[in-house]
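Good morning, and thank you for joining. Please have the sequence and the coordinates open while I speak.

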Amino acid sequence: MNFDNSISKELPRRSLLCGLGLIALGMLPSAAIASGNVKLLSDGKVEVLLSKNTALRKVGGVIQFNDKQGKSIALIRTTQSATGFRAINLSCTHQGVTVERTDNGWLCKDGHQATYAADGKVLSGPAKFDLRSIPVKASKSKVTVG
Ligand code: FES
């Protein structure tokens with residue numbers, strides 16, 4: 001995919017379709033996790049075109065990508081509404097290790113095993129705080145994160 005390099009750069013793909021068939025959110029139907037096909041904007045925000053991120057067409061779909069500062073972020077489709085998205089910072093709130101997706105949430109596998117619900121609420125410590133939400137602005141065709 002080519003982007004205008006003056007304002008963006010393409011992110012490397014990671015975790016390509018690693019979660020297809022997984023349950024993305026415990027309260028939601030099955031979903032896919034895909035690497036994000038996203039554009040980094042000059043203001044530090046991330047633009048996600050829905051036409052290029054088909055995992056987000058269904059409720060429960062998740063994509064993961066890194067922002068300009070290298071933060072790992074998940075964007076989750078929470079409802080079928082045009083504004084039904086939630087973005088969370090995947091840095092564990094205990095000591096900052098990047099959490100990994102599980103069947104029903106997130107696990108700080110490489111840290112100290114804190115667990116979080118699919119929406120980022122902390123379930124078990126040592127983390128004491130939920131994964132941080134990141135503002136999103138959604139329209140029919142795209143979601144801007146940051
Ligand atoms: S860094 Fe995640 S539980 Fe310690």
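I shall go through the confidence of the model, its strands and sheets, its core, and a few individual residues.

This is a predicted model, in which local features need pLDDT of at least 70 and side-chain atom pairs count only at pLDDT 80 or more, whereas totals for chains, interfaces and linings use all residues. Residues are numbered from 1 along each chain as its sequence is written.

Let me begin with confidence. pLDDT is the predictor's confidence in each residue, on a scale from 0 to 100. The protein chain has a mean pLDDT of 80, and 75% of its residues reach 70 or more. Over residues 1–33, pLDDT stays under 50. The model has 70 contacts beyond four places in sequence for that stretch, a contact being two residues whose C-beta atoms, placed from the backbone, lie within 7 Å. Among the elements of the chain, strand β1 (residues 33–35) has the lowest mean pLDDT, 52, and β11 the highest, 97.

Next, the secondary structure. Helices (H or I, at least four residues) and strands (E, at least two) are DSSP runs, numbered from the N terminus. On that basis the protein chain has zero helices and 13 strands. As for contacts with a separation of 6 or more, 44% of them in the protein chain link residues 24 or more positions apart.

How are the strands paired? Strands of a sheet pair through backbone hydrogen bonds, either parallel or antiparallel. Here, two strands are said to pair if DSSP finds at least two bridges between them. One open sheet has four strands in the order β2-β3-β13-β12, with antiparallel pairing. β2 and β12 (136–138) stand at its edges with a single partner strand each, so one side of each is left without a neighbour in the sheet. On average, neighbouring strands of this sheet are turned by 20 degrees against each other, direction ignored; the axes are lines fitted to C-alpha atoms, for helices over the stretch in contact, and angles run from 0 to 180 degrees between N-to-C directions.

Within that sheet, β2 and β3 are joined in the antiparallel sense over three bridges. V38 has V48 as its bridge partner in β3, and L40 stands opposite V46 in β3. The hairpin of these two strands has five residues between them, and there G44 takes a positive phi near 95 degrees. On to the next pair: β3 and β13 are antiparallel over four bridges, with E47 bridged to T144 in β13.

The side chains of β3 alternate: V46 and V48 point to one face and are buried, while E47 and L49 point to the other and are not. A residue is buried if 20 or more other C-beta atoms lie within 10 Å of its own, exposed if 12 or fewer, and partly exposed in between, with C-beta atoms placed from the backbone. Buried residues make up 33% of the 146 residues in the protein chain.

A further open sheet of four strands has the order β7-β8-β9-β10, again with antiparallel pairing. Its edge strands are β7 (100–101) and β10, each of which pairs on one side only. β9 and β10 pair over two bridges, and T115 has S124 as its bridge partner in β10.

I turn now to the core. A nonpolar core is a set of buried Ala, Val, Leu, Ile, Met, Phe, Trp, Tyr and Cys residues joined through C-beta atoms within 7 Å. The largest one has 28 residues, and those with the most contacts inside it are I73, A74, L75, A87 and V145. Elements that give two or more residues to this core include β4 (62–66), β5 (72–77) and β6 (85–89). The largest share, four residues, comes from β5. Leaving aside neighbours within four places in sequence, A74 is in contact with V62, Q64, A87, I88 and L90.

Finally, three loop residues. T79 lies in the loop between β5 and β6 and is exposed, with 11 other C-beta atoms within 10 Å. Beyond four places in sequence, T79 is in contact with V59 and G84.

Q113, in the loop between β8 (105–107) and β9 (115–117), has a positive phi of about 70 degrees although it is not a glycine. Why does Q113 count as partly exposed? Because Q113 has 14 C-beta neighbours inside 10 Å.

P126 is found in the loop between β10 (122–124) and β11 (133–134). A cis peptide bond joins G125 and P126, with omega at about 20 degrees.
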